[in-house]
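User: Could you take a close look at one helix for me and tell me how it sits in the rest of the fold? I'd like the local picture, then some context around it.

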Amino acid sequence: LADYIENNYEECKLIIWVANLAHEWAFFKRQLAKVGITDLFAKSKRQPLKITIRNCIEFRECLGLWGRSLAHIAETYTKTQKLKGDLDYKKIRTNKTTITDTEYQYNRNDVQILDELSFVAFEKFTKQGLKIPMTQTGILRQKCKKAI
């Protein structure tokens, strides 16, 4: 991803929805350090809501805008639903770790929910000429501005 951004940043604009952006960013920030952060919006020191890389890719925290949890977001906005199950989050995983079919489906559904959410955002905001807000308060703020 870092190499792609480095070579194509003037041509792309991509929003990537992330559930628990603070956690994920802690993992991959070093890998994207060489291409540079051009914007960061956070509600507190360790709670980023949007991280922009080279004005090309925006990582967006979906929980702040869409709801309380990924399960709630799925129930409200998407066809795909969050699967219930116990994954061992203490297990150290790498790109060589084998996963069970159950683990695969659990992870696949989580990603599918975020993918479907991107289409919801397009319909609800971008297609109507609105900016995608960072929080639920931002939705209300835009409605008030439009009404005024």
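**Helix 2 and its surroundings**

Analyst: Sure. Keep in mind that this is a predicted model. To set the scene, the protein contains six helices and four strands, and read from the N terminus the order is α-β-α-β-β-β-α-α-α-α. The helix I'd zoom in on is helix 2, residues 21-32.

Start with its length. Helix 2 has twelve residues, yet the C-alpha atoms at its ends are only 14 Å apart. A straight helix at 1.5 Å a residue would reach 16 Å, so helix 2 comes up short of that, given that the expected span is 1.5 Å times one less than the number of residues.

Now for the side chains. Which residues of helix 2 are buried? They are Leu21, Ala22, Trp25, Phe28 and Leu32. Looking down the axis of helix 2, you find these buried residues within an arc of 140°, so they line one face of the helix. Go round to the other side and you meet His23, Phe27 and Arg30, which are exposed. Note the two phenylalanines here: Phe28 is among the buried residues, whereas Phe27 is exposed.

What covers that buried face? The cover includes helix 1 (2-8) along with strand 1 (14-18), strand 2 (37-44), strand 3 (47-53) and strand 4 (57-61).

Strand 3 deserves a stop of its own, and Thr52 is a handy residue to pick in it. Thr52 has a relative accessibility of 3%, so it counts as buried. Setting aside residues up to four places away in sequence, Thr52 touches Gly36, Ile37, Thr38, Asp39, Ile57 and Glu58. Ile37 and Thr38 fall in strand 2 (37-44), and Ile57 and Glu58 in strand 4 (57-61).

For comparison, try helix 4 (residues 70-77), where the buried residues are Leu70, Ile73 and Ala74. Down the axis of helix 4, they fall within an arc of 100°, so they too line one face. Their cover includes helix 3 (62-66) and helix 5.

That brings us to helix 5, residues 101-124, where Glu103 lies. Is Glu103 buried or exposed? Glu103 is buried, because its relative accessible area is 12% and the cut-off for buried is under 20%. Beyond its neighbours within four places in sequence, Glu103 is in contact with Leu87, Arg93 and Thr98. As for distance, Glu103 and Ile15 sit 88 residues apart along the chain, with 26 Å between their C-alpha atoms.

Further along the chain, Lys143 is found in helix 6 (residues 136-147). Lys143 is exposed, with a relative accessible area of 57%. From Lys143 to Ala71 you travel 72 residues in sequence, or 26 Å in space from C-alpha to C-alpha.

Finally, zoom out to the protein as a whole. Its C-alpha trace spans about 55 × 40 × 30 Å along the principal axes, and buried residues make up 34% of its 148 residues. Of the contacts with a separation of 6 or more, 60% come from residues 24 or more positions apart. The accessible surface comes to about 10,400 Å², with 53% of it belonging to carbon and sulfur atoms. On the charge side, there are 26 positive and 17 negative side chains, and the centres of the two sets lie 7 Å apart.

Notes: Residues are numbered from 1 along each chain as its sequence is written. This is a predicted model: local features need pLDDT of at least 70, side-chain atom pairs count only at pLDDT 80 or more; totals for chains, interfaces and linings use all residues. Side-chain values use heavy atoms; hydrogens and water are left out. Buried means under 20% relative accessible area, exposed over 50%, partly exposed in between (1.4 Å probe, protein chains only). The arc is that of the directions from the helix axis to the C-beta atoms. Contact means heavy atoms within 4.5 Å. Accessible areas come from the Shrake-Rupley method with a 1.4 Å probe; for residues, only the protein chains shown count as cover. Lys and Arg count as positive and Asp and Glu as negative; His and the chain ends are not counted. The place of a charge is taken as NZ of Lys, CZ of Arg, CG of Asp or CD of Glu.
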